[in-house]
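Here are some short exercises to work through with the model open. Try each task yourself before reading on.

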Amino acid sequence: MWRIIAAKRKQFEGIMAEILTSAQMRAVERAAIEAGRVSGLALMERAGAGVVAAILETWPALAAAAAPPCAVVLCGPGNNGGDGFVVARRLAARGWRVATYLLGTPERLPPDARTNAEAWSAAPTAHALPAAALAAGDWTECRAGVVIDALYGLGFRPPLPAAAAQMLATAGQIVAAHPEGWKRVAIDIPSGLAADAPPQVVPACDLVVTFHLEKPVHPSLRAAGLAVTTVDIGL
Ligand SMILES: NC(=O)C1=CN([C@@H]2O[C@H](COP(=O)(O)OP(=O)(O)OC[C@H]3O[C@@H](n4cnc5c(N)ncnc54)[C@H](O)[C@@H]3O)[C@@H](O)[C@H]2O)[C@H](O)CC1
Ligand SMILES: [K+]
(Lines give C-alpha, C1' and ligand atoms only; values in the text may rest on other atoms or scores of the structure.)
(Ligands and ions follow the chains in the order given, each with its own letter.)
Protein backbone atom coordinates (compact mmCIF):
# COMPACT_ATOMS: atom_id res chain seq x y z
CA MET A 1 0.00 0.00 0.00
CA TRP A 2 2.76 2.42 0.99
CA ARG A 3 4.56 1.65 -2.29
CA ILE A 4 1.45 2.72 -4.26
CA ILE A 5 1.14 5.94 -2.28
CA ALA A 6 4.84 6.72 -2.80
CA ALA A 7 4.52 6.07 -6.53
CA LYS A 8 1.43 8.30 -6.77
CA ARG A 9 3.18 11.09 -4.84
CA LYS A 10 6.18 10.89 -7.14
CA GLN A 11 3.87 11.00 -10.15
CA PHE A 12 2.06 14.03 -8.69
CA GLU A 13 5.32 15.82 -7.92
CA GLY A 14 6.54 15.07 -11.45
CA ILE A 15 3.42 16.65 -12.93
CA MET A 16 3.53 19.63 -10.58
CA ALA A 17 7.21 20.34 -11.26
CA GLU A 18 6.79 20.06 -15.07
CA ILE A 19 9.92 21.22 -16.82
CA LEU A 20 10.09 22.49 -20.40
CA THR A 21 13.22 22.46 -22.52
CA SER A 22 14.02 25.68 -24.36
CA ALA A 23 12.81 24.10 -27.61
CA GLN A 24 9.54 23.06 -25.97
CA MET A 25 9.11 26.57 -24.56
CA ARG A 26 9.67 28.12 -27.97
CA ALA A 27 7.15 25.69 -29.47
CA VAL A 28 4.53 26.68 -26.88
CA GLU A 29 5.18 30.39 -27.52
CA ARG A 30 5.10 29.86 -31.30
CA ALA A 31 1.85 27.84 -31.16
CA ALA A 32 0.13 30.53 -29.08
CA ILE A 33 1.32 33.27 -31.42
CA GLU A 34 0.43 31.35 -34.61
CA ALA A 35 -3.01 30.51 -33.19
CA GLY A 36 -3.55 34.24 -32.79
CA ARG A 37 -4.10 33.89 -29.03
CA VAL A 38 -1.32 36.35 -28.20
CA SER A 39 1.48 38.34 -29.83
CA GLY A 40 5.17 38.13 -29.03
CA LEU A 41 5.01 41.75 -27.94
CA ALA A 42 2.19 40.99 -25.49
CA LEU A 43 4.14 38.01 -24.11
CA MET A 44 7.17 40.28 -23.64
CA GLU A 45 5.06 42.90 -21.85
CA ARG A 46 3.60 40.24 -19.54
CA ALA A 47 7.09 38.89 -18.90
CA GLY A 48 8.45 42.32 -18.00
CA ALA A 49 5.44 43.11 -15.82
CA GLY A 50 5.91 39.76 -14.09
CA VAL A 51 9.55 40.52 -13.34
CA VAL A 52 8.60 43.87 -11.78
CA ALA A 53 5.86 42.23 -9.69
CA ALA A 54 8.30 39.53 -8.53
CA ILE A 55 10.86 42.18 -7.49
CA LEU A 56 8.28 44.18 -5.50
CA GLU A 57 6.86 41.04 -3.88
CA THR A 58 10.33 39.75 -2.95
CA TRP A 59 11.62 43.08 -1.59
CA PRO A 60 8.61 45.22 -0.51
CA ALA A 61 11.01 47.61 1.27
CA LEU A 62 12.32 48.68 -2.13
CA ALA A 63 8.89 49.99 -3.06
CA ALA A 64 8.51 51.70 0.31
CA ALA A 65 11.98 53.29 0.29
CA ALA A 66 12.07 57.03 1.11
CA ALA A 67 14.44 57.74 -1.77
CA PRO A 68 13.55 56.25 -5.17
CA PRO A 69 15.45 53.01 -5.70
CA CYS A 70 17.68 52.53 -8.73
CA ALA A 71 17.75 49.93 -11.44
CA VAL A 72 20.72 49.11 -13.65
CA VAL A 73 19.42 47.00 -16.52
CA LEU A 74 21.90 45.06 -18.66
CA CYS A 75 20.17 44.42 -22.00
CA GLY A 76 21.42 41.85 -24.47
CA PRO A 77 20.98 41.59 -28.23
CA GLY A 78 17.77 39.56 -28.22
CA ASN A 79 14.36 39.21 -26.64
CA ASN A 80 15.81 38.68 -23.16
CA GLY A 81 17.10 42.23 -23.62
CA GLY A 82 13.60 43.16 -24.78
CA ASP A 83 12.21 41.98 -21.45
CA GLY A 84 14.80 44.22 -19.80
CA PHE A 85 13.51 47.28 -21.63
CA VAL A 86 9.95 46.48 -20.47
CA VAL A 87 11.20 46.22 -16.88
CA ALA A 88 13.11 49.50 -17.24
CA ARG A 89 10.06 51.38 -18.53
CA ARG A 90 7.81 49.96 -15.78
CA LEU A 91 10.23 50.71 -12.94
CA ALA A 92 10.84 54.27 -14.24
CA ALA A 93 7.06 54.76 -14.36
CA ARG A 94 7.07 53.97 -10.61
CA GLY A 95 9.59 56.75 -10.01
CA TRP A 96 12.73 54.62 -9.91
CA ARG A 97 16.02 55.99 -11.28
CA VAL A 98 16.67 53.58 -14.16
CA ALA A 99 19.41 53.16 -16.75
CA THR A 100 19.69 50.54 -19.44
CA TYR A 101 22.96 49.45 -21.00
CA LEU A 102 22.58 47.71 -24.35
CA LEU A 103 25.10 45.16 -25.57
CA GLY A 104 24.65 45.65 -29.30
CA THR A 105 22.62 48.22 -31.17
CA PRO A 106 18.87 48.94 -31.23
CA GLU A 107 18.85 48.45 -35.00
CA ARG A 108 19.99 44.84 -34.63
CA LEU A 109 17.47 43.87 -31.97
CA PRO A 110 14.65 41.48 -32.99
CA PRO A 111 11.35 43.31 -33.63
CA ASP A 112 9.68 42.94 -30.22
CA ALA A 113 12.85 43.89 -28.38
CA ARG A 114 13.45 46.86 -30.69
CA THR A 115 9.89 48.09 -30.14
CA ASN A 116 10.52 48.05 -26.40
CA ALA A 117 13.97 49.61 -26.71
CA GLU A 118 12.37 52.49 -28.60
CA ALA A 119 9.46 52.77 -26.15
CA TRP A 120 11.93 52.91 -23.28
CA SER A 121 14.15 55.52 -24.98
CA ALA A 122 11.06 57.69 -25.50
CA ALA A 123 10.25 57.65 -21.75
CA PRO A 124 10.79 61.11 -20.21
CA THR A 125 13.33 59.97 -17.63
CA ALA A 126 15.01 57.29 -19.73
CA HIS A 127 18.73 56.73 -19.59
CA ALA A 128 19.23 54.42 -22.57
CA LEU A 129 22.97 53.88 -22.79
CA PRO A 130 25.38 51.63 -24.64
CA ALA A 131 27.17 48.85 -22.74
CA ALA A 132 30.43 50.82 -22.83
CA ALA A 133 28.89 53.48 -20.58
CA LEU A 134 28.33 51.06 -17.69
CA ALA A 135 31.87 51.26 -16.29
CA ALA A 136 31.67 55.06 -16.14
CA GLY A 137 28.32 55.04 -14.33
CA ASP A 138 28.32 56.32 -10.72
CA TRP A 139 25.65 54.57 -8.64
CA THR A 140 27.27 55.10 -5.22
CA GLU A 141 24.63 57.68 -4.26
CA CYS A 142 21.90 55.10 -4.70
CA ARG A 143 21.77 52.97 -1.58
CA ALA A 144 19.06 50.58 -2.75
CA GLY A 145 18.26 49.09 -6.08
CA VAL A 146 18.46 46.16 -8.43
CA VAL A 147 20.80 45.06 -11.13
CA ILE A 148 18.75 43.30 -13.80
CA ASP A 149 20.51 40.69 -15.97
CA ALA A 150 18.64 40.83 -19.27
CA LEU A 151 21.66 39.90 -21.38
CA TYR A 152 20.83 36.34 -22.46
CA GLY A 153 18.03 33.87 -21.80
CA LEU A 154 16.72 30.89 -23.73
CA GLY A 155 18.81 31.75 -26.75
CA PHE A 156 22.18 31.63 -25.03
CA ARG A 157 24.89 29.32 -26.36
CA PRO A 158 28.19 29.19 -24.44
CA PRO A 159 30.75 30.70 -24.19
CA LEU A 160 29.72 34.03 -22.69
CA PRO A 161 31.19 36.93 -24.69
CA ALA A 162 33.89 38.84 -22.80
CA ALA A 163 31.91 42.09 -23.13
CA ALA A 164 28.92 40.46 -21.41
CA ALA A 165 31.11 38.99 -18.68
CA GLN A 166 32.60 42.43 -18.12
CA MET A 167 29.14 43.99 -17.79
CA LEU A 168 28.17 41.39 -15.19
CA ALA A 169 31.41 42.00 -13.28
CA THR A 170 30.88 45.77 -13.29
CA ALA A 171 27.29 45.30 -12.13
CA GLY A 172 28.60 43.07 -9.34
CA GLN A 173 30.75 45.99 -8.15
CA ILE A 174 27.66 48.21 -7.97
CA VAL A 175 25.98 45.62 -5.72
CA ALA A 176 29.15 45.23 -3.64
CA ALA A 177 29.18 48.96 -2.84
CA HIS A 178 25.85 48.61 -0.98
CA PRO A 179 25.40 44.86 -0.40
CA GLU A 180 22.54 45.41 2.04
CA GLY A 181 20.56 47.54 -0.39
CA TRP A 182 21.22 46.25 -3.87
CA LYS A 183 19.91 42.97 -5.29
CA ARG A 184 20.74 40.97 -8.42
CA VAL A 185 17.86 39.76 -10.58
CA ALA A 186 18.22 37.51 -13.64
CA ILE A 187 15.50 37.48 -16.28
CA ASP A 188 14.64 33.90 -17.30
CA ILE A 189 18.15 32.49 -16.82
CA PRO A 190 21.35 33.95 -15.31
CA SER A 191 23.39 34.93 -18.35
CA GLY A 192 26.19 32.52 -19.16
CA LEU A 193 24.10 29.46 -18.29
CA ALA A 194 22.45 27.17 -20.83
CA ALA A 195 18.72 26.67 -20.33
CA ASP A 196 18.71 22.92 -20.88
CA ALA A 197 21.58 21.69 -18.73
CA PRO A 198 22.67 21.84 -15.09
CA PRO A 199 25.01 24.80 -14.55
CA GLN A 200 28.77 24.26 -14.32
CA VAL A 201 29.02 27.29 -12.05
CA VAL A 202 26.19 28.97 -10.10
CA PRO A 203 26.46 32.77 -10.38
CA ALA A 204 25.68 35.20 -7.56
CA CYS A 205 22.02 36.09 -8.00
CA ASP A 206 19.27 36.98 -5.54
CA LEU A 207 16.28 36.16 -7.74
CA VAL A 208 15.75 34.33 -11.02
CA VAL A 209 12.43 35.05 -12.72
CA THR A 210 11.42 32.59 -15.43
CA PHE A 211 8.25 32.28 -17.47
CA HIS A 212 5.40 29.79 -17.88
CA LEU A 213 7.31 26.71 -16.61
CA GLU A 214 10.84 26.09 -15.36
CA LYS A 215 13.57 24.91 -17.73
CA PRO A 216 16.10 22.14 -16.90
CA VAL A 217 18.61 24.62 -15.43
CA HIS A 218 16.23 25.99 -12.79
CA PRO A 219 15.95 23.07 -10.31
CA SER A 220 19.77 23.01 -10.09
CA LEU A 221 19.83 26.76 -9.37
CA ARG A 222 17.30 26.31 -6.59
CA ALA A 223 19.23 23.35 -5.21
CA ALA A 224 22.25 25.66 -5.10
CA GLY A 225 20.28 28.12 -2.95
CA LEU A 226 19.06 30.62 -5.53
CA ALA A 227 15.49 31.91 -5.37
CA VAL A 228 13.66 30.95 -8.57
CA THR A 229 10.14 32.17 -9.31
CA THR A 230 7.96 31.42 -12.31
CA VAL A 231 5.69 34.06 -13.84
CA ASP A 232 2.52 33.11 -15.71
CA ILE A 233 2.54 34.91 -19.07
CA GLY A 234 -0.79 33.45 -20.19
CA LEU A 235 0.48 30.62 -22.37
N1 LIG B 1 7.94 35.95 -27.83
C2 LIG B 1 9.07 35.54 -27.28
O3 LIG B 1 9.97 34.94 -27.89
C4 LIG B 1 9.30 35.84 -25.86
C5 LIG B 1 10.59 35.69 -25.36
N6 LIG B 1 10.89 36.10 -24.11
C7 LIG B 1 12.28 36.34 -23.75
O8 LIG B 1 13.11 36.06 -24.88
C9 LIG B 1 14.23 35.30 -24.48
C10 LIG B 1 14.78 34.52 -25.63
O11 LIG B 1 15.12 35.50 -26.59
P12 LIG B 1 16.07 35.19 -27.84
O13 LIG B 1 16.10 36.42 -28.65
O14 LIG B 1 15.64 33.93 -28.47
O15 LIG B 1 17.51 34.90 -27.23
P16 LIG B 1 18.32 35.61 -26.07
O17 LIG B 1 17.75 36.99 -25.83
O18 LIG B 1 18.42 34.65 -24.97
O19 LIG B 1 19.78 35.76 -26.75
C20 LIG B 1 20.02 36.87 -27.54
C21 LIG B 1 20.80 36.49 -28.77
O22 LIG B 1 22.14 36.37 -28.39
C23 LIG B 1 22.81 35.56 -29.35
N24 LIG B 1 23.71 34.71 -28.61
C25 LIG B 1 23.44 33.60 -27.93
N26 LIG B 1 24.56 33.09 -27.35
C27 LIG B 1 25.57 33.94 -27.71
C28 LIG B 1 26.97 33.97 -27.46
N29 LIG B 1 27.56 32.99 -26.72
N30 LIG B 1 27.70 34.95 -27.98
C31 LIG B 1 27.10 35.94 -28.73
N32 LIG B 1 25.77 35.97 -29.03
C33 LIG B 1 25.04 34.97 -28.50
C34 LIG B 1 21.76 34.78 -30.10
O35 LIG B 1 21.76 35.18 -31.43
C36 LIG B 1 20.45 35.19 -29.44
O37 LIG B 1 19.44 35.43 -30.38
C38 LIG B 1 13.73 34.49 -23.33
O39 LIG B 1 14.77 34.04 -22.51
C40 LIG B 1 12.80 35.47 -22.63
O41 LIG B 1 13.56 36.29 -21.74
C42 LIG B 1 9.82 36.64 -23.29
O43 LIG B 1 10.06 36.49 -21.97
C44 LIG B 1 8.49 36.00 -23.59
C45 LIG B 1 8.17 36.24 -25.03
K1 LIG C 1 19.23 36.75 -18.34
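The exercises below come with worked solutions, after a short note on conventions.

This is a predicted model, in which local features need pLDDT of at least 70 and side-chain atom pairs count only at pLDDT 80 or more, while totals for chains, interfaces and linings use all residues. Residues are numbered from 1 along each chain as its sequence is written, chains are lettered from A and ligands numbered from 1 in the order in which they are written, and side-chain values use heavy atoms, with hydrogens and water left out.

**Exercise 1.** Describe the shell around ligand 1.

Solution. Start with the count: 20 residues surround ligand 1, and Asp83, Gly153, Arg157, Pro159 and Asp188 come nearest (near means a heavy atom within 4 Å). Next, sort the shell by class: nine nonpolar, six polar and five charged residues (Asp, Glu, Lys and Arg count as charged; Ala, Val, Leu, Ile, Met, Phe, Trp, Tyr, Cys and Pro as nonpolar; the others, Gly among them, as polar). Then look at the helices: α2 (22-34), α3 (40-58) and α5 (79-93) each give the shell at least two residues (helices are DSSP runs of H or I with at least four residues, strands are E runs of at least two, numbered from the N terminus).

**Exercise 2.** Find polar partners for the oxygen atoms of ligand 1.

Solution. Look for N or O pairs within 3.5 Å. Arg26 puts a polar side-chain atom 2.9 Å from a ligand 1 oxygen. Asn79 uses a backbone N or O atom, also at 2.9 Å, and Leu154 does so at 2.8 Å. Now the cover: protein hides 78% of the 850 Å² of accessible area that ligand 1 has on its own (Shrake-Rupley, 1.4 Å probe).

**Exercise 3.** Which residues does the UniProt "binding site" annotation cover, and do they sit together or apart?

Solution. The unreviewed entry lists Asn80, Asp149 and Ser191 (such annotations may be inferred rather than shown by experiment). They span 112 residues in sequence, but no two of their C-alpha atoms are more than 9.7 Å apart, so they gather at one spot. Of these, Asn80 is included in the lining of the largest pocket. Asp149 belongs to strand β4 (residues 145-150).

**Exercise 4.** Check the backbone at Pro159 and Asp188.

Solution. Begin with Pro159, in the loop between β4 and α7 (162-177): a cis peptide bond joins Pro158 to Pro159, with omega about 5°. Move on to Asp188, in the loop between β5 (182-187) and β6 (207-211); its phi is near 70°, a positive value in a residue other than glycine.

Definitions and conventions:
A polar contact is a pair of N or O atoms within 3.5 Å; within protein, one must be able to donate a hydrogen and the other to accept it, and residues adjacent in sequence count only if both atoms are side-chain atoms. On a 1 Å grid over the protein atoms alone, a cavity is a set of points where a 1.4 Å probe fits but cannot get out, and a pocket is an open set with protein on both sides within 12 Å along at least five of seven lines; lining residues have an atom within 4 Å of a point.
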